[in-house]
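Here is a short, friendly walk through a model for someone meeting it here for the first time. Have the structure open beside you and follow along.

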Amino acid sequence: MDETLFWNRIQFAFTIVFHYLFPQLTMGLAWFLVYWKWRALRVGDEKYNQAVRFWGKIFGLNFAVGVVTGIPMEFQFGTNWAGFSKYAGGVIGQTLAMEGMFAFFLESAFIGVLIFGERRLGPRLHFVAALAVAVGSWTSAYFIIVTNAFMQHPVGYQLEADRSLGIASLGAYLLNPWAWVQFAHNQTAALVTGSFVVAALGAFYTLRGLHPMQARLYLRGGTLMGLIASLLAAFPTGDQQAKMVGKHQPVTLAAMEGRFVGGPMAGEAVIGQPNVAARRLDNPIEVPGALSFLAYGHFGTFVHGLEDFPKDQWPDNIELLYYSFHLMVTLGTIFILLMGYATFQRWRGRLESTNWLLWVLMLSLPFPYIANTLGWMTAELGRQPWLIYGLFRTSEGYSKVVSSGDTVFTLIGFVGLYLVLGLLFLGLVGREISHGPAEEALSAKHPEEPHEELSP
């Protein structure tokens, strides 16, 4: 790989991986805030308002750092990927502009209202503010994912006179079937992150004996939603994403599974190590026919191997792609088992008293972030060597006038700046957690009922 291209890819990978640590939590938390506010309106229980006030502050901090870390990525389209911007800017610029104008402004305008406007607005309008923030964050995600989906499965475009791409059908572009599937999978994964964070803080407070009413609310709500979201991330959304890859990017599917030779009744490798030099999967343990069924819906379906395609169309880092995909699937399976067991313990009335499970829930907080990162690595590594699949190669997209030294220098700057931002974020969030949710007394008109404890 060209040295300058390598460093441009490394820089964009670093900035986008760090940035996405924050949007996935805001998208995952947003609907918790809506639900708690709705419950407060319905039953008049102040504990739900307390939860909204507390998590609203963490949401705001998370959103602010996400905005700061997202801005450099927009500039990199011009500074580091000018060839790509010149070729595809007439298409992807549409959704990037829509994201800023319609979704980001909606979310950002109502965050301040959500955090600071409760007394002025009253309960009903405060609920509307929470709903607007959630809708804005998820709409923003859809426009971004439409942009990425075009790079994975280009539709609705036309070739202009200057050989660049333009919009032929805005409806086809915005309603790309790949985008619908990718959006569903991405958003359920974000809900997994939000659920684990909420449950982890509930476990922390329970182990410390702090804020028992709020801790119970976080713990029970987080584990229940964590189970639902983890199941949905696997099926149907993850299953449909795999089928989409099998249909439109068969070479990517082969690399993800470490399959070098095609054939029917293709097995799903549970364990194995891809040996690219020898063109085989070492030490495989496979489930016969499972890959054919998962990718195409029938056990006897022929699944292509890498050798069925020209080598210049193979993903350029098969080992990293293979391990990213399989670790993501492994973590997703663990999430289902963990949250399933936690929900079972809740049903038995033992969730808060099972200390080892509380420790596991608390310490599991980083793993949804890791799983989300691995999922995006799978998507982006799998698309290589294309920036726009089948149309425009990555080697054609970077800025030829920016040297590798310039890119390394700015990368070092990003690393230092993001380290400071990360430490500042952790310090501010840690301060909020140490203060904890406000412990106002519950209204005498709405004492906590035993049956309310069973709802998240």
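Let's begin with a pair of side chains: Glu118 and Arg53 make a polar contact with each other, at 2.7 Å. Keep in mind as you look that this is a predicted model.

Glu118 sits in helix H5, which covers residues 118-121. Is Glu118 buried or exposed? The cut-off for buried is under 20% relative accessible area, and Glu118 has 19%, so it counts as buried. Leaving aside residues up to four places away in sequence, Glu118 touches Lys37, Asn49, Arg53, Val113 and His126. Arg53, then, turns up both in that list of neighbours and as the partner in the polar contact.

Next, the nonpolar interior. How many residues does the largest nonpolar core have? The count is 78, and the residues with the most contacts inside this core are Phe84, Leu306, Leu361 and Ile388. Helix H8 (residues 177-208) gives the largest share of the core, 10 residues. Apart from this core lies another one, made of 30 residues, including Leu25, Trp36, Val52 and Phe59.

Leu306 is a good place to zoom in. Not counting residues up to four places away in sequence, Leu306 touches Val251, Ala254, Ala255, Arg259, Phe260, Trp314, Pro315 and Ile318. Pick out Ala254 from that group: this residue lies in helix H11 and is buried, with a relative accessible area of 1%. Seen from the side of Ala254, the contacts beyond four places in sequence are Arg259, His304, Gly305 and Leu306. Arg259 is touched by Leu306 and by Ala254. For a sense of distance, the C-alpha atoms of Ala254 and Pro284 are 15 Å apart, with their positions 30 residues apart along the chain.

Back to helix H8, where you'll also find Ser195. Ser195 counts as buried, at 0% relative accessibility. A polar atom of its side chain lies 3.4 Å from the backbone nitrogen of Gly226. Gly226 is also one of the residues that Ser195 touches, along with Phe32, Gly222 and Met225, when residues up to four places away in sequence are left out.

Now for some empty space. Rolling a probe the size of a water molecule over the atoms shows where such space is left. The second largest pocket has a volume of about 1,200 Å³. Which residues are closest to its centre? They are His185, Gly238, Phe325, Met328 and Val329, out of 45 that line the pocket. Several elements give two or more residues to this lining, among them H8, helix H9 (212-234), helix H10 (237-248), helix H11 (250-257) and helix H13 (318-348). Strand S3 is on that list as well, and so are helix H12 (290-296) and helix H15 (366-383).

Strand S3 (residues 268-275) has a partner: six bridges join it to strand S4 (residues 280-287), and the two run antiparallel. Within this pairing, Ile271 has Ile285 in S4 as its bridge partner. S3 and S4 form a hairpin, with four residues between them. One residue in the turn, Arg279, has a positive phi of about 55°. Arg279 is partly exposed, with a relative accessible area of 35%.

Where is Asn283? This residue is in strand S4 itself, and its phi, near 50°, is another positive value in a residue other than glycine. Asn283 is exposed, since its relative accessible area is 58% and the cut-off for exposed is over 50%.

Finally, keep an eye out for two cis peptide bonds, each leading into a proline:

| Peptide bond | Omega | Place of the proline |
|---|---|---|
| Phe235 to Pro236, cis | near 10° | Pro236: loop between H9 and H10 |
| Gln384 to Pro385, cis | about 10° | Pro385: loop between H15 and strand S5 (386-388) |

Some of these elements have come up before: H9, H10 and H15 each give two or more residues to the lining of the second largest pocket. The loop between H9 and H10 holds Pro236, while Pro385 lies in the loop that follows H15 and leads to S5.

Terms used. Residues are numbered from 1 along each chain as its sequence is written. This is a predicted model: local features need pLDDT of at least 70, side-chain atom pairs count only at pLDDT 80 or more; totals for chains, interfaces and linings use all residues. Side-chain values use heavy atoms; hydrogens and water are left out. Two strands pair if DSSP finds at least two bridges between them. Buried means under 20% relative accessible area, exposed over 50%, partly exposed in between (1.4 Å probe, protein chains only). A polar contact is a pair of N or O atoms within 3.5 Å; within protein, one must be able to donate a hydrogen and the other to accept it, and residues adjacent in sequence count only if both atoms are side-chain atoms. Contact means heavy atoms within 4.5 Å. A nonpolar core is a set of buried Ala, Val, Leu, Ile, Met, Phe, Trp, Tyr and Cys residues joined through side-chain atoms within 4.5 Å. On a 1 Å grid over the protein atoms alone, a cavity is a set of points where a 1.4 Å probe fits but cannot get out, and a pocket is an open set with protein on both sides within 12 Å along at least five of seven lines; lining residues have an atom within 4 Å of a point. Grid points are joined across faces, edges and corners, and a volume is the space filled by probe spheres set on the points.
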